[in-house]
Amino acid sequence: DVADVPDGWCEDTIVLLCPVFGEVGPGLARAARGVVTGVSLQGWLRSCDDQQRIVGTTDVGFLDHLAGVDVLLYSDEDVAHEPALEAAFYAVAPVAVRTHGPCGATVFTREHTERVPGLDVAEIDPTGAGDTFAGAFLTHFARNKDPFAAAHFGCRVAALEVSHHGPLTPALLRDHGYATWDDLPGGREGS
């Protein structure tokens, strides 16, 4: 609920709205805006059938509550049941990103579309890869405002995430030869 968000909490930060199963209500979806606001669509693109199985939905009414967000993020799996849903996404935000698992992502802006390849790594644990990509993408995008460079950075960080068990930590970065996040290729300057 929007009343649970402290005053000024979002003003100087990156916001990622990412419901698991539609639990972000319209009030919060309209109110939570940061310096960069991203939305992971997965939790809004799910419903239950008569047997209580999770299935994809074609109801995109939730998009009305997302006006003013900067980036929509979704995966191949999120739209597999109805690929035509994507057309509605592009009208909501200036940037939309469709992730393709280990195969990278496609970035859609109003001017350009670009496919960004994934990195070839030995996948050990894919848990959290999409959220890791989203966090890395939004962090880079907030710094540089380049969605294509942000997608390359997101793919790099997600590749690190899936190449081991557990969360990314500073110790893991050091094990891979990086002192900080900024040392990752594409980290600070988008290289």
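**Notes on the predicted model**

1. Ile54 is found in strand β4, which covers residues 54–56. Please keep in mind throughout that this is a predicted model. With a relative accessibility of 57%, Ile54 counts as exposed, because the cut-off for that class is over 50%. Together with Val20 and Phe21, Ile54 forms a nonpolar patch on the surface. The accessible area of Val20, Phe21 and Ile54 together is about 290 Å².

2. A short way back along the chain is Gln52, in the loop between β3 (46–48) and β4. Its backbone deserves a look: Gln52 is not a glycine, yet its phi is positive, at about 65 degrees. For background, most residues other than glycine have a negative phi. Gln52 is also exposed, since its relative accessible area is 59%.

3. Lys145 is another residue to check on the same count. Its phi is positive, about 60 degrees, although Lys145 is not a glycine. This residue is found in the loop between α4 and α5, so I would read it alongside the helix pair in the next point.

4. How do helices α4 and α5 pack? As a reminder, two packed helices are described by the angle between their axes and the distance between the axes. Here α4 (residues 129–144) and α5 (residues 147–162) pack at about 145 degrees, and their axes are 7 Å apart. The crossing of the two helices is right-handed. On the α4 side, the contact is made by Ala129, Thr132, Phe133, Ala136, Phe137, His140 and Phe141. The α5 side contributes Pro147, Ala149, Ala150, Ala151, Phe153, Gly154, Cys155, Val157, Ala158, Glu161 and Val162.

5. Two of those α5 residues, Pro147 and Ala151, turn up again around Val107, which lies in strand β7 (residues 105–109). Is Val107 buried or exposed? At 0% relative accessibility, Val107 counts as buried. Leaving aside neighbours within four places in sequence, its contacts include Val95, Ala96 and Val97. The list continues with His112, Thr113, Glu114 and Val116, and then Pro147, Phe148 and Ala151. The C-alpha atoms of Val107 and Ala150 are 9.6 Å apart in space, with these positions 43 residues apart in sequence.

6. Val15 offers another pairing across the sequence. This residue lies in strand β1 and counts as buried, because its relative accessibility is 6%. From C-alpha to C-alpha, Val15 and Leu138 are 8.6 Å apart, while in sequence they are 123 residues apart.

7. Pro19 is found in the loop between β1 (14–17) and α1 (26–31). What is the burial state of this loop residue? Pro19 counts as buried, because its relative accessibility is 4%. Not counting residues up to four places away in sequence, Pro19 touches Val24, Ser40, Gln42, Gly43 and Trp44. The C-alpha atoms of Pro19 and Gln42 are separated by 7.3 Å, and the two residues are 23 apart along the chain.

8. How many salt bridges does a search of the whole structure find? The search finds three. One of them joins the side chains of Asp49 and Arg53, at 2.7 Å from N to O. Asp49 counts as buried, because its relative accessibility is 17% and the cut-off for that class is under 20%.

9. Another salt bridge pairs Arg98 with Asp76, with the closest N and O atoms 2.6 Å apart. This pair links distant parts of the chain: Arg98 is in strand β6 (residues 95–99) and Asp76 in helix α2 (residues 76–79), 22 residues apart. The two partners fall into separate burial classes, because Arg98, at 18% relative accessibility, counts as buried, whereas Asp76, at 22%, counts as partly exposed.

10. Arg98 also forms a salt bridge with Glu86, and here the closest N and O atoms are 2.8 Å apart. Glu86 lies in helix α3 (residues 86–89) and Arg98 in strand β6, so this pair ties together parts that are 12 residues apart in sequence. Both Glu86 and Arg98 are buried. Through shared partners, the salt bridges join Asp76, Glu86 and Arg98 into one network.

Methods
Residues are numbered from 1 along each chain as its sequence is written. This is a predicted model: local features need pLDDT of at least 70, side-chain atom pairs count only at pLDDT 80 or more; totals for chains, interfaces and linings use all residues. Side-chain values use heavy atoms; hydrogens and water are left out. Patches are made of residues with over 30% relative accessible area and no salt bridge: like charges are joined within 9 Å, nonpolar side chains (Val, Leu, Ile, Met, Phe, Trp, Tyr) within 5 Å. Accessible areas come from the Shrake-Rupley method with a 1.4 Å probe; for residues, only the protein chains shown count as cover. A salt bridge is a side-chain nitrogen of Lys or Arg within 4 Å of a carboxyl oxygen of Asp or Glu. Helices (H or I, at least four residues) and strands (E, at least two) are DSSP runs, numbered from the N terminus. Buried means under 20% relative accessible area, exposed over 50%, partly exposed in between (1.4 Å probe, protein chains only). Axes are lines fitted to C-alpha atoms, for helices over the stretch in contact, and angles run from 0 to 180 degrees between N-to-C directions. A crossing is left-handed if the near helix is turned anticlockwise from the far one by less than a right angle, and right-handed if clockwise. Contact means heavy atoms within 4.5 Å.
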